[in-house]
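Here are some notes for your next look at this model. They are numbered so that you can reply point by point.

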Amino acid sequence: MPRGLGIRAKNACVCFGDVVALRHASLTILPGEFISIVGDSGGGKTTLLRAIGGLRALSSGSIEFHSASGANWIPGPRDIGFCFQEGRLLPWRSVLANVALPLELEGVASGERLDAARAMLERMRMGGVERRMPSQLSGGMRMRVAMARALVTRPRVLLLDEPFGSLDEVTRLALEDELLSLVRESGATAILVTHAIGEAVVLSDRVAVLRGRPGSLQPAIPISLPSRDDEGRLSVEFASLCAIVQHELRGSQESSV
Ligand SMILES: Nc1ncnc2c1ncn2[C@@H]1O[C@H](COP(=O)(O)OP(=O)(O)OP(=O)(O)O)[C@@H](O)[C@H]1O
Ligand SMILES: [Mg+2]
């Protein structure tokens, strides 16, 4: 059974004063599923992710979690891992101290949290840069550190908001593969917000389009590929699924003009 939590969002709405940021979003995610969300800028993708992570209160509707056995689950801080655009590392902390931060906030003893952070950095092939400051890293290295920080608590739900948006193509492809193997290893449920359709298709079990502004969440498109690697990216199925997602997005652009 996957460690990841199932998630049920029902008519989730978030308003900021008069601004409707998220409109009646309903989505069911299975434990251990990898789902991507694509859509127009300003459609509410980040708001949905933050609402799932408990960083934004809903104005109406509900978001509930359950374990693989179906039992209701109220996630604690260690259950949710966040990875934001460009990593958002704390510039005054070393790489090691950045990765250990979520455990520090949970009151985990120093030795234990540094050991866990070191092990996670090793896993991300970043063992040699523990003492460096974020400003001394390349963009790809910063993202690896940010992913290590998001995973250090062994979260049951991993939330990724355009993590690779600012990276060059080669680094992005390498990190996509790395992310997929980490998520599979951990059994976590993963939700990825991205503007890159190919990235969504190659990584996900399903891709959901948030159409319009504020977005209306379309039924998620199931993704079936012969493999989720470079070969998969060259397959006929990949091209056809990208076209299907693109078609949904085009529809969203037409409806919002
Ligand atoms: N803290 C806030 N206060 C007021 N309005 C907000 C706030 N956060 C988001 N919004 C508004 O809510 C809407 C949805 O924003 P959100 O950031 O969720 O969109 P998005 O789909 O993530 O866009 P992008 O692709 O550009 O990141 C936008 O109209 C935005 O201006
Ligand atoms: Mg956003």
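**Notes on the model**

1. Strand 3 and strand 8 pair in the parallel sense, with four bridges between them. Bear in mind that this is a predicted model. Two pairs of residues set the register. Ile35 has Ile191 as its bridge partner in strand 8. Phe34 stands opposite Ala190 in that strand.

2. Strand 8 has a second neighbour. Strand 7, residues 157–161, pairs with strand 8 in the parallel sense over five bridges. Here Val157 stands opposite Thr189.

3. Strand 3 also has a further partner. Five bridges join strand 3 to strand 9, residues 206–211, and the two run parallel. Ile35 stands opposite Arg206 in strand 9. On the strand 8 side, the bridge partner of Ile35 is Ile191.

4. How many residues of strand 3 are buried? Six of the six are, so the strand is largely enclosed by the rest of the structure. Both faces are covered. Phe34, Ser36 and Val38 lie on one side, with Ile35, Ile37 and Gly39 on the other. In a regular strand the side chains alternate between the two faces of the sheet.

5. Strand 8, residues 189–193, is mostly covered too: five of its five residues are buried. Thr189, Ile191 and Val193 point one way. Ala190 and Leu192 point the other way.

6. Next, the loop between strand 3 (34–39) and helix 1 (45–52), where Gly43 is found. Is Gly43 buried or exposed? Its relative accessibility is 0%, so Gly43 counts as buried. Gly43 touches Ala21, Leu210, Gly212, Arg213, Pro214 and Gly215, leaving aside residues up to four places away in sequence. One of these contacts spans a long stretch of chain: Gly43 and Gly212 are 169 residues apart in sequence. Their C-alpha atoms are 6.0 Å apart in space.

7. Helix 1 is mostly covered, with seven of its eight residues buried. The buried ones are Lys45, Thr47, Leu48, Leu49, Arg50, Ala51 and Ile52. Just after the helix, Gly54 takes a positive phi of about 80 degrees.

8. Which residues come nearest to ligand 1? There are 13 residues around the ligand, and Ser41, Gly42, Lys45, Thr46 and Thr47 come nearest. Three polar distances are worth checking in the viewer. An oxygen atom of ligand 1 is 2.8 Å from a polar backbone atom of Gly42. An oxygen atom of the ligand is 2.7 Å from an N or O atom in the side chain of Lys45. For the side chain of His195, the distance from an N or O atom to a ligand oxygen atom is 3.1 Å. Lys45 is also among the buried residues of helix 1.

9. Now the antiparallel sheet. Four strands form an open sheet in the order 2-1-4-5, with antiparallel pairing. The edge strands are strand 2 (19–29) and strand 5 (72–73), and each pairs on one side only. Strand 1, residues 6–16, is joined to strand 4, residues 60–66, by six bridges. One register point: the bridge partner of Arg8 in strand 4 is Glu64. Strands of a sheet pair through backbone hydrogen bonds, either parallel or antiparallel.

10. The structure holds one aromatic pair. The rings of Phe82 and Phe84 have their centres 5.2 Å apart and their planes at 10 degrees, so the pair counts as stacked. The cut-off for stacking is under 30 degrees between planes. Both Phe82 and Phe84 are buried. Arg88 adds a charge to this site: Arg88 lies over the face of Phe84, at 5.0 Å from the ring centre.

11. Last, Gln218, in the loop between strand 10 (216–217) and strand 11 (221–222). Why does Gln218 count as buried? Its relative accessible area is 18%, and the cut-off for buried is under 20%. Gln218 touches Ala208, Val209, Arg211 and Glu248, again leaving aside residues up to four places away in sequence.

How values were computed. Residues are numbered from 1 along each chain as its sequence is written. Chains are lettered from A and ligands numbered from 1 in the order in which they are written. This is a predicted model: local features need pLDDT of at least 70, side-chain atom pairs count only at pLDDT 80 or more; totals for chains, interfaces and linings use all residues. Side-chain values use heavy atoms; hydrogens and water are left out. Buried means under 20% relative accessible area, exposed over 50%, partly exposed in between (1.4 Å probe, protein chains only). Contact means heavy atoms within 4.5 Å. Rings of Phe, Tyr and Trp (its six-membered ring) pair if their centres lie within 6.5 Å; planes under 30 degrees apart count as stacked, over 60 as edge-to-face and the rest as tilted. A charge sits over a ring if NZ of Lys or CZ of Arg is within 6 Å of the ring centre and within 35 degrees of the ring normal. Two strands pair if DSSP finds at least two bridges between them. A residue is near a molecule or strand if one of its heavy atoms lies within 4 Å of it. A polar contact is a pair of N or O atoms within 3.5 Å; within protein, one must be able to donate a hydrogen and the other to accept it, and residues adjacent in sequence count only if both atoms are side-chain atoms.
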